[in-house]
Amino acid sequence: MINQLTLVWPMPLSVAMPRLRIEPVGDATLEDWRHVHNVIIPSDPLSTDEVRERVGRNHLEVAYLGDVLVGCTTVRPPAGDAATATVIVRVLPAHRRNGYGEELYETEVAHARTSGARAIETVVLASNADGLRFALSHEFVEVSRYLPPEDEDPFITLRLQ
Ligand SMILES: CC(C)(COP(=O)(O)OP(=O)(O)OC[C@H]1O[C@@H](n2cnc3c(N)ncnc32)[C@H](O)[C@@H]1OP(=O)(O)O)[C@@H](O)C(=O)NCCC(=O)NCCS
């Protein structure tokens, strides 16, 4: 018995235990995904139909702590010669700086790699200081900016090095 215990305890500190319940978007969770997206990207609010259309072409997930809505994610599947997938994680402002962004990021990058991605990009609104800091501290570098017509807040595309 003692020998069995010594095999599993103490746990290495580097092993991160999942804390979030992360679910693919379906009828029951679509409005939660839309809520998080629209709170974080107010300049590009999506309708229910627009989210439904995205479910058809992207991997969308929504994250809960127990029953509390915490965040949502988008993974655009690998495309192009470099098999580049786009991974975007979003955590509601009230739940930031608890490690949830990291947990979502690791989950969704793993999903993208399993889907065949050989390169990873992300997209951050220039005004999103938390998002930019997160991307830059995870070894992404800016590759392009897109300013929608009549908008003042560009979308920045960053690529994982
Ligand atoms: C980017 C984003 C998802 C990060 O979410 P988050 O849950 O705050 O992320 P984490 O908690 O994992 O990490 C954020 C910071 O909190 C720190 N942190 C993590 N756990 C912590 C804890 N328990 N106590 C204190 N700080 C903590 C991290 O070290 C990190 O610090 P840093 O910014 O100095 O590097 C969030 O800011 C967001 O939704 N931004 C807008 C959307 C966006 O731009 N997404 C694109 C990025 S892919």
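Student: How far is the polar backbone atom of Arg 97 from an oxygen atom of the ligand?
Tutor: Keep in mind that this is a predicted model. A polar contact needs a pair of N or O atoms within 3.5 Å. Here a polar backbone atom of Arg 97 is paired with a ligand oxygen, and the gap is 2.8 Å.

Student: Which residue puts a polar side-chain atom 2.9 Å from an oxygen atom of the ligand?
Tutor: Set Val 91 aside for this one, since its polar backbone atom is what lies 2.7 Å from a ligand oxygen. The side-chain atom at 2.9 Å belongs to Arg 133.

Student: How much of the ligand's accessible area does the protein cover?
Tutor: Start with the ligand on its own, which has 940 Å² of accessible area. The space the ligand takes is the largest pocket. The share covered by the protein comes to 72%.

Student: Which element gives the largest share of the shell around the ligand?
Tutor: Strand E4 (84–91), helix H4 (100–114), strand E5 (119–125) and helix H5 (129–137) each give two or more residues to that shell. The top contribution is four residues, and the element behind it is H5.

Student: How many charged residues does the shell around the ligand have?
Tutor: The ligand has 18 residues around it, with Val 89, Val 91, Arg 97, Gly 99 and Gly 101 coming nearest. By class, there are six nonpolar and six polar residues in the shell. The charged count is six.

Student: What stands opposite Phe 140 in E7?
Tutor: E7 (residues 155–160) pairs antiparallel with E5 over five bridges, and there Glu 121 stands opposite Arg 159. Strand E6 (residues 140–146) also runs antiparallel to E7, joined by six bridges. Across from Phe 140 you'll find Leu 160.

Conventions:
Residues numbered from 1 in each chain as written. Predicted model: local features only at pLDDT ≥ 70, side-chain atom pairs only at ≥ 80, totals over all residues. Heavy atoms only, no water. Near = heavy atom within 4 Å. Polar contact = N/O pair within 3.5 Å; in protein donor to acceptor, adjacent residues only side chain to side chain. Areas by Shrake-Rupley, 256 points an atom, 1.4 Å probe, with all protein chains shown as cover. 1 Å grid on protein atoms, 1.4 Å probe; cavity = no way out; pocket = protein on both sides within 12 Å on 5 of 7 lines; lining within 4 Å. Sits in = over half its atoms within 2 Å of the grid points. Nonpolar A, V, L, I, M, F, W, Y, C, P; charged D, E, K, R; others polar. Pairing = 2+ DSSP bridges.
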